[in-house]
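This report describes selected side-chain contacts and strand pairings in one protein model. The sequence and structure come first.

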Amino acid sequence: MHPLTAFAASRHRQQSAGSTVDNPDDKDPRDTSGITDLLVKQVALLDVQVSENTRNFNSKIRKAKQMIQLVPSLPDGYMRAGELYSTHGYQRRAMAIYKQGLGNVGNKHQHLLRQQYEAAKEKHELRIDIPGLAPYDVITCIAEFLTDEDRLVLLDVSKTWRLNFSQCPSIWSAIHVDAHQQVYAVQDISRLAHHVGSYILDFTLHKTRKHYSDALFRGMIDGCFHNLAHLALYYCTIHSNAKLLTALGHVSRTLKKLDIIMIDDVVTALGESPTVPYKQILSICQQLEYFRYEHYVGSISNDQAGSLTPGYTSKLTEFYLKCPHTVLENIADILGSCPELRYLQLVNCTSAIVDVAVANCSKLESIILKDDSKYIIDHAWIKENRSSHHSGVNTVAAIIDDPRSFAKLFAKHSNTMEGLSLSILAPVVNRWMSFIDAFDHLPNLVYLELQCKDTRSCTAAAALLRKSPALLRLCFSPGTKFSGTHLVWAIINLPHLRELDISNTEASEQDLRALFQGLAGDDTRQSTLQRVGLSYIYDDFAIDCVLDSLPNIAALQRIEIIYCSLVTEPMINMFCERMQAHPSIEAITFEDLQCVTDDTLKYLVAIKGLERLKLNFLKDITEQGIEVFDGSSIKLEILGSGDIPDTTWN
């Protein structure tokens, strides 16, 4: 209970228990004889609510005034209301409320209100209008150091502050509303729309309920966002397609980028959203250059997808669509209207779409027909390592369900292909082999990711490797069953292979030993392999033979070993000891290996030439153990290991 309320309660208890007043409005407000325990408790409860650490200014003011109405002779309500007004810059209102209190409370508390009144008066008289005096650059600099919550408060301080701070485009250009952060209330969306909507270029809603999207759509319909370039609706509830489409129509002139992502578990938790008619959206937003739509609640029929306006021609350069059972008829007319399309990603769509894409989109550079949460082409790596860039399709990721669908693609773009991520299904291996034999080499392919399910698939992969003379990086995806001498020798004979990644792959000790012994080179062939990444290898014999072979590869510069649970402490310590004499090693990463201990660190620090060492999620190393690196030139990075703080040392 507030101290002043406690004082009033104790004073009341000294009076007679039954002294109540039938009509308090007819009494002198200074008279405390009508204060009952119930009134005191009500005032105390409101006082607690007003003092809570929330930023709902209007609600707090209403409750403070309610305290005054309940018991005008107590100073609590005046003190709370005056403090709220003063804190938010309303000094005149604070003075008025304190003055009202001076006329109502008893003499004992006059000095408290008088003191607060004089303080508010002094602030009012000496107040410096910073936004009115400071240059625009200074105002912007100040605002950039403030949180989103603080910036919202600035809009409430005064008209001058709101006017000046609302005219700083750089601080309002991107608004991100996340339900988990609880910074923005629903009414804040409307305030932003009407005060700074013209400066907002990028607006994101993340995991919000329908009231937020409704408020945003209302602002768009009211014409507040007339410069909006990017709208992102991530995992939020869209209550009405009609509102969405109407709102998009009011920003279609400026909107260049649109993300709408609905995932099944999130949508179920928030309340199911309707399927968005993405074709109708494309017809409305004809300036879109980027469009992503993901929805995992039920399949989408052609009617639900909507229809394109007759004669529609899109400016899309990037198009992502991820929904269950995407059928060709839902996509074909879109691709036929996208002459500028460069990047296409369609998940849960058959490879038959490739023919349509190649036939209609002459500027296409990338075709992804896989779920990017499971398979991803490292475009940044390709861009950095390719020798030159060629106009045409450069990257393709697909599950090969029908090799015939790729015939035109490879025939037309075999010389421009730079990156491939392919899953070869066993039932189509025979057709795949015929297809591989039908086209020439891939002279510019530098990146290849493969998933081979059995020995026959590995044989098909070997045929593809033999036609990839420029390959620099080879990755085997999770689920691969690495087997067969054809594949082993195809890898060994790659003349420029620099990087090899093996993840969650089944392989025999014999095949892996032959592979890494071959990659080590001999008198007739020099090794080119510079980096090896091993992750989720669950065969102890297989991982043992790899660790035994790696120190023999003289060109090796980087080694990454991630979550290979069957590696033992003696195995990893022996490997590190053998690497101490390695001529080229520069960087080692150990992640989630329970075999690494403080003893292992003693072997690592003695590796000559080692420049960078990453130790992530290693539970059995200690702060005492890492002291062996004191004075070392090794750049050590530690993340989530034991009780050691996450650290980077030089």
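The text below deals with salt bridges, then strands, then aromatic rings and a surface patch.

The model is predicted. Every value given here is computed from it.

## Salt bridges

Side chains of opposite charge can pair when their charged atoms come close. The structure holds 24 salt bridges. Among them are the three in this table.

| Pair | Closest N to O distance |
|---|---|
| R80 and D47 | 2.7 Å |
| D188 and R191 | 2.7 Å |
| R558 and E499 | 3.5 Å |

The salt bridge between R80 and D47 links distant parts of the chain, with the two positions 33 residues apart in numbering. R80 belongs to helix α4 (residues 76-87), while D47 belongs to helix α2 (residues 37-51). R80 has a relative accessible area of 17% and is buried. D47 is also buried, at 3% relative accessibility. Both values fall in the buried class because that class covers anything under 20%.

The bridge between D188 and R191 lies within one helix, α12 (residues 186-196). The two residues are three residues apart, which is about one turn of the helix. D188 and R191 are both buried.

In the third pair, R558 and E499 have their closest N and O atoms 3.5 Å apart. R558 is in strand β17 and E499 is in strand β14 (residues 499-503), so this bridge ties together parts that are 59 residues apart in sequence. The two ends differ in cover: R558 is partly exposed at 29% relative accessibility, whereas E499 is buried at 7%. Both residues also belong to a network of salt bridges, in which D378, R473, E499, D501, R531, R558 and E560 are linked.

## Strand β5 and its neighbours

How many of the residues of strand β5 (residues 290-295) are buried? Six of its six residues are, and the strand is mostly covered. In a regular strand the side chains alternate between the two faces of the sheet. In β5, Y290, R292 and E294 are on one side, and F291, Y293 and H295 are on the other. These residues are all buried, and both faces of the strand are covered.

Strand β5 pairs with two strands described here. With strand β4 (residues 257-262), β5 pairs in the parallel sense over six bridges. K257 has Y290 as its bridge partner in β5. These two residues also meet through their side chains: the charged end of K257 sits over the ring of Y290, at 4.6 Å from the ring centre.

With strand β6 (residues 318-322), β5 also pairs in the parallel sense, over five bridges. Here the bridge partner of Y293 in β6 is L321. A charge and a ring meet between these strands as well. The charged end of R292, a buried residue of β5, sits over the ring of Y320, 4.1 Å from the ring centre.

## Aromatic rings

A pair of aromatic rings is described by the distance of the centres and the angle of the planes. A search of the whole structure finds 13 aromatic pairs. One of them is F476 with F482: the ring centres are 5.2 Å apart and the planes stand at 80°, so the pair is edge-to-face. F476 and F482 are both buried.

Another pair is Y538 with Y563, where the centres are 6.5 Å apart and the planes are at 75°, so this pair too is edge-to-face. The pair links distant parts of the chain, 25 residues apart. Y538 is in the loop between β16 (531-535) and α26 (540-549), and Y563 is in the loop between β17 (558-562) and α27 (569-579). Y538 is partly exposed at 43% relative accessibility, and Y563 is partly exposed at 30%.

Elsewhere, F57, Y85 and Y90 form one aromatic cluster.

## A nonpolar surface patch

Y538 returns as part of the surface. Together with Y536 and L566, Y538 makes a nonpolar surface patch of about 280 Å². Y536 is placed in the loop between β16 and α26, and Y538 is in that loop too. At 36% relative accessibility, Y536 is partly exposed.

Terms used: Residues are numbered from 1 along each chain as its sequence is written. This is a predicted model: local features need pLDDT of at least 70, side-chain atom pairs count only at pLDDT 80 or more; totals for chains, interfaces and linings use all residues. Side-chain values use heavy atoms; hydrogens and water are left out. Rings of Phe, Tyr and Trp (its six-membered ring) pair if their centres lie within 6.5 Å; planes under 30 degrees apart count as stacked, over 60 as edge-to-face and the rest as tilted. Buried means under 20% relative accessible area, exposed over 50%, partly exposed in between (1.4 Å probe, protein chains only). Helices (H or I, at least four residues) and strands (E, at least two) are DSSP runs, numbered from the N terminus. A charge sits over a ring if NZ of Lys or CZ of Arg is within 6 Å of the ring centre and within 35 degrees of the ring normal. A salt bridge is a side-chain nitrogen of Lys or Arg within 4 Å of a carboxyl oxygen of Asp or Glu. Two strands pair if DSSP finds at least two bridges between them. Patches are made of residues with over 30% relative accessible area and no salt bridge: like charges are joined within 9 Å, nonpolar side chains (Val, Leu, Ile, Met, Phe, Trp, Tyr) within 5 Å. Accessible areas come from the Shrake-Rupley method with a 1.4 Å probe; for residues, only the protein chains shown count as cover.
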